[in-house]
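Biologist: I have a model open and would like to go through it. Could you show it and explain your terms as we go?
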Amino acid sequence: MPTLLLTHPDCLLHDMGAGHPERPDRLRAIEDALAAPVFNRLKRERAPLAQLALVERLHPPGYVEAIRAAAPKQRLVWLDPDTAMSPGSWNAALRATGAVVYAVDQVMSGAARNAFCTVRPPGHHAESSRAMGFCLFNSVAIAALHARAAHSAERVAVVDFDVHHGNGTQDAFWSDKDLFYGSTHQMPLFPGTGALSETGAGNIFNAPLSPLDGSTRFREAFTTRILPALDNFAPDVLLISAGFDAHRDDPLAQIELTEDDFTWVTEKLIDVADKHAGGRVVSTLEGGYNLDALARSTAAHVLVLMQASS
Ligand SMILES: [Zn+2]
């Protein structure tokens, strides 16, 4: 069974203006890296648009309509100080969510072993009725709800190694013990949530890191907190919020990881997925703002997914 790679040119048309770190060139850099011959075995498909009914499993119809209505005919509209919409943003957001939902369909049906979604905008900061932190729809949370509603998955886990805490995903999962959220992230840092004490219904596992913690503390957070909890939860499918902004070259944070750390954590997560979830893993891009580091880190992550599916 192959590793599925999903993207769509519409994801390049969401453009928050010159100087914004969450920019279309991020996807171009990843595409360039994934053009190397070693990635020829990927099964590449274009992401479909998400059906609104699926988006509305998480976001109220009034919020979805407000986002659609906010999309400008020209220039930019700012939803908060970090998050803007351009004329292409609505379709990009539906492609991003559509990619993760479709990847869940393909992996749950056995058409693919695992999948990576090279999409933007990211999603893990989006709350049910609030766009924030470069995010409009919480694609990974929507896909988790979809895995339960449309497939046989009873327990769905999201592990988030983006350097920012996924407040939106935590919020969506907060009181549902059949959904697991585990996150490493820098604190203090945007959005300010993600303390150890935030545990939801015993299904939320935060492992905050301090600036300059680096590889050793990052791996320790996984081996002592996230991975044992995930193993104990025994997910039927594992979703990954794959942000690569904990890299030492990233301009937005100071956790100082390298590509080797992303290789390591991907291998460890696949071990748990192999044990409990038949290897079913769907990973989607969140942050990562140094183009070279992002491209190298994503390539390292996707290579591990491919090795697991061969
Ligand atoms: Zn981030």
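Modeller: Buried means under 20% relative accessible area, exposed means over 50%, and partly exposed is in between, with a 1.4 Å probe and protein chains only. The model is predicted: local features need pLDDT of at least 70, side-chain atom pairs count only at pLDDT 80 or more, and totals for chains, interfaces and linings use all residues. Residues are numbered from 1 along each chain as its sequence is written, and side-chain values use heavy atoms, with hydrogens and water left out.

Biologist: How many disulfides does the structure hold?

Modeller: Zero, where a disulfide is a pair of cysteine sulfur atoms within 2.5 Å. For cysteine 11, the nearest cysteine sulfur is that of cysteine 117, 9.5 Å away. For cysteine 135, the nearest is that of cysteine 11, at 13 Å.

Biologist: Is cysteine 135 buried or exposed?

Modeller: Cysteine 135 is at 0% relative accessibility, so it counts as buried. Cysteine 11 is buried too, with a relative accessible area of 0%.

Biologist: Next, the metal. Which residues coordinate the zinc ion?

Modeller: Asp162 (OD, listed twice), His164 (ND1) and Asp245 (OD), at 2.0 to 2.7 Å. Donors here are N, O and S atoms within 2.8 Å of the metal (3.2 Å for Na, K and Ca); water is not among the atoms, so sites may look incomplete. Aspartate 162 and histidine 164 are both buried.

Biologist: What are the angles among the four donor atoms?

Modeller: They run from 53 to 154°, and the site is irregular. Four donors count as tetrahedral if all angles lie between 85 and 135 degrees; four count as square planar and six as octahedral if opposite donors are over 155 degrees apart and all others between 65 and 115; anything else is irregular.

Biologist: Now the backbone. Where are the cis peptide bonds?

Modeller: One joins arginine 120 and proline 121, with omega about 5°. Another runs from phenylalanine 190 to proline 191, with omega near 5°. Most peptide bonds are trans.

Biologist: Which residues other than glycine have a positive phi?

Modeller: Leucine 212 has a phi of about 75°, and alanine 234 has one near 55°.

Biologist: Are those two buried or exposed?

Modeller: Leucine 212 counts as exposed, because its relative accessibility is 62%. Alanine 234 is buried, with a relative accessible area of 17%.
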